[in-house]
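Trainee: I would like to go slowly through one part of this model, with each term explained as it comes up. Could we begin with the chain as a whole and then settle on a single strand?

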Amino acid sequence: MNSDTLFERLAAAFSDGVARAWSEAEFDGWASEVFRRQYELNAVYRGFCEARGRGPDDVAGWTDIPAVPTSAFKHLDLSPGRHEAVFETSGTTRGQARRGRHGVPSLALYRAASLPGLKSHMALAAGGMRILSLIPSVRDAPRSSLSTMMAFALDAFGAEGSGTFADPERGVDLEGFAAALDRAVDEAVPVWIAGTAFAFVHWIDAAAEGRATPVRLPEGSRIMETGGFKGRSREVSRGELYADITRLSGIPDRWIVNEYGMTELLSQFWDGPAGADDRPPPEGRTHRPPPWMRSRVVDPVTLEERPLGRPGLLLHVDLANVGSVSAILTEDQGIALPDGTIRVLGRSPGAEPRGCSLALEDLLEARR
Amino acid sequence: MTGHPDAGPGSAAAALGRLRDAAAALRGTRWSDRVRILGRVGARLLDAGDPMRARVLAAMPGDARMSPAQAERVLDGMARDWTEPRLDTLVRVEFEDPDALDRWVDDPRAPEGRRLRAFPLAPGPGLHICAGSVPGVSVSSAIRGLIVGSPVLLKPGGGDRVLPAALIDILEEEGEVETAARILADAVECVEWTGGAGSLDETEALDGAAFVVVYGGGATIEAVRRAVAGSTPVVEYGHRMGVAVVGRGADLDTAAKALAAAVAVFDQRGCVSPQQVFTLGPLGGTERAAELAARSSEALAALEGSFPSGPLDEGLAGAVRQLRDATELRALAGDGAQVWGGDDLEWTVVLDPEPELRPSCGGRTIHVTPVGSEADLERILLPLGPHMQTVGVDGFDAGAAQGLAERLARIGASRVVPLDRIAFPPPWWIHDGQGPLRRLVRWSADGPV
């Protein structure tokens, strides 16, 4: 087996885009090959699989591949060999707690896994468009998988006038962003604004305080929203958030797209495509994985698959994770739907209601 | 159960109105009568022949997500502290002259003499918000308020709704045969709303209460502080973390059984529950930590048969799954971690050699961490500061135990006790650093000083 070739072949397969669905057999074939590589190169993961009686010859399909929990990334390097980058989980929701670290052997593969979804779900035409990013640049946040993905987007799709209007220390550059918005309006150039939910809340709060002015952006402008709020100053529903964004930018909610990703996965889920006429209201949208990723909803006790429509823990198998571990058990709850999409219900709340014992989140909050 | 007002918009305002009306009559009762009548609540809930006990035991497991065995143990542990002798001791421990709750009393300690009187924290009903799921917390809070002569509007926590209803029912029944009991029955009401949702009841209660007692996490307490007028006193009981320390002299089998019992009573929900246990011993405590972890796992496994845990909710099960599998991977990587657990995630013991704070994710889950010295222990616990609640200790001789208690108390521990005393502190315990009744009163002095 030649791993480099496997990386290259996967990248080539990803470059076919997200429009064509991969058959179960096609996905299983890839998954089997990827699992064999991970089993052979990663002794810790191999031990984990052996404890479950699952080796490459015991796995009939992707659903048989043992999944590692996302929290394992906080303690272990699960990517054997040389890394081109190491992504870290955000420190915003876990205070000073240990961050998850995901070593990435091939940024080219991460790029190959990211661009098709970005292009398709942001409904980009040839030539790209002007991108206004409220996500810190990869220069300022080299360990952020999101910043790296936005660097790919800016490089591949960013037209003249694109730029980044945030940094990790100072947050959103409201002044620069306002100037870019005004320029887009003056020049009648539609823009793609990319940001975390929290960055948009910052913008909305600034407008409420008179530090930002609503604009009416040219038709065809669109929003990519990602991330959550936990641990931040306030949380709002997605419907509320989008209504506020529409009020501030003039961009209708059908042109607002959510990306669901995590540091431990190198592929992303999307609830686009932007601008489609048949998009449901924000609260009713579901997320679709790319063809090279599959998801299951499992019982946290038995890890057995739950029927469609029944909530449980989300477990993903992402072939773009070929350099680490592809099967990942998340801390997010979700529902699998018959159309192959998932509804993400959010972070498992832990023991709720918990009582009067201090939870980790409370402890970290108290220590800030 | 009867005596439980219908929830709904306007319930809180109406309840506060009735409680204001009840305040004068409550002021006219003596503390000793209040303690005597409230003591019947504990006595009846302990009485195996009382139908109220049977009703509570039937309803508690479902409401509190506990096994029937846990519900019975918790009821017995809590109700024992609501009996007259225990409540009488509480008052006498807290007040040098308890009659100060009823009238002006001489204070011979003051050089020029003076008279003192203890009044409720503010005139009017107190709002007791119990945002938690430990059964009994709401009733204990209400009883404290009534003892100091303050009408109580109770917002019980989810999972703690059965016992407040029983309190009200018992007082109602007692009120049919004794006037003073009737007065107490009129001085406590219970209203439910979803905390933080901005409901009419929540707004009315926060606006209308003379003072607020709030049990909850940082966000809940902060929200209450923001919602009440600046002049409204707020008594806060924030979330806390309990730990245990097992010294070189401990018999590990005994310690493990005591720890398992402390973990199991409330499935780690209580602020006193020991979430992490530190072992001291040769080789940095490593060998003893491993042995204690193994024996704790045996003890928890045995308890699961005789004293089953409550049902796991999805979120908790997910958190335990993450912990279990991540620890297994760490063990395979050779970092010294080990994990033991029940087949259905009902209990988990993690041996974690990293010298860090590890709050339990909940359920019957405990971390065992070796430490080389008391100084190392102090360094690990220091960030916890005032969030440290009970520390259970075992295996120290008297002198060493005193020294350890001094160290832990300086950091923030408010209670240092033997392992087998962790679960049920007496009513007169130093709750988060202060006497629980004294936090509910204000003092007035009459005299030359």
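Trainee: Among the contacts in chain A with a separation of 6 or more, what percentage comes from residues 24 or more positions apart? After that, please look closely at strand β14 (residues 327-336) of chain A.

Mentor: This is a predicted model, in which local features need pLDDT (the predictor's confidence in each residue, from 0 to 100) of at least 70 and side-chain atom pairs count only at pLDDT 80 or more, while totals for chains, interfaces and linings use all residues. Residues are numbered from 1 along each chain as its sequence is written, and chains are lettered from A and ligands numbered from 1 in the order in which they are written.

To your first point, residues 24 or more positions apart account for 68% of the contacts in chain A with a separation of 6 or more, a contact being two residues whose C-beta atoms, placed from the backbone, lie within 7 Å. Chain A contains nine helices and 15 strands; these are DSSP runs numbered from the N terminus, with H or I over at least four residues for a helix and E over at least two for a strand. Of the 368 residues in chain A, 48% are buried, a word that applies when 20 or more other C-beta atoms lie within 10 Å of a residue's own, whereas 12 or fewer make it exposed, anything in between makes it partly exposed, and the C-beta atoms are placed from the backbone.

Now to your strand. β14(A) is mostly covered, with eight of its 10 residues buried. It pairs with strand β1 (residues 68-69) of chain A in the parallel sense over two bridges, two strands being paired if DSSP finds at least two bridges between them, and here A:Pro69 stands opposite A:Leu329. With strand β13 (residues 312-318) of chain A, β14(A) pairs in the antiparallel sense over five bridges, and A:Val317 faces A:Ala327 across that pairing. Strand β15 (residues 342-347) of chain A is likewise antiparallel to β14(A) and joined to it by five bridges, where A:Gly334 has A:Val344 as its bridge partner. β14(A) and β15(A) form a hairpin with five residues between them, and in the turn A:Gly340 has a positive phi of about 85°.

From β13(A) the pairing can be followed to strand β12 (residues 293-298) of chain A. β12(A) and β13(A) are antiparallel and share six bridges, with A:Met293 opposite A:Asp318. In a regular strand the side chains alternate between the two faces of the sheet. In β12(A), A:Met293, A:Ser295 and A:Val297 point one way while A:Arg294, A:Arg296 and A:Val298 point the other way, and all of them are buried.

Elsewhere in chain A, two other places can be described in the same terms. A:Ala194, found in strand β8 (residues 191-196) of chain A, counts as buried because it has 27 C-beta neighbours inside 10 Å. Its C-alpha atom is 5.8 Å from that of A:Leu134, although the two are 60 residues apart along the chain, and, leaving out residues up to four places away in sequence, A:Ala194 touches A:Ile131, A:Ser133, A:Leu134, A:Ile135, A:Met150 and A:Met224. Helix α2 (residues 24-41) of chain A has 18 residues and reaches 25 Å from its first C-alpha to its last, close to the 26 Å expected at 1.5 Å a residue, where the expected span is 1.5 Å times one less than the number of residues. Among the buried residues of α2(A) are A:Trp30, A:Phe35 and A:Tyr39.

Chain B offers a second sheet to set beside your strand. An open sheet of three strands there has the order β1-β2-β15, with antiparallel pairing. In chain B, β1 (105-106) and β15 (441-446) stand at the edges with a single partner strand each, so one side of each is left without a neighbour in the sheet. Strand β2 (residues 115-120) of chain B pairs with β15(B) over six bridges, and B:Pro120 stands opposite B:Val441.

Finally, a word on confidence. The model scores ipTM 0.92 and pTM 0.91. Chain B averages a pLDDT of 93, and 98% of its residues score at least 70. Over residues 1-7 of chain B, however, pLDDT stays under 50, and the model has 20 contacts beyond four places in sequence for them. Where pLDDT is low, the predicted coordinates should not be read in detail.
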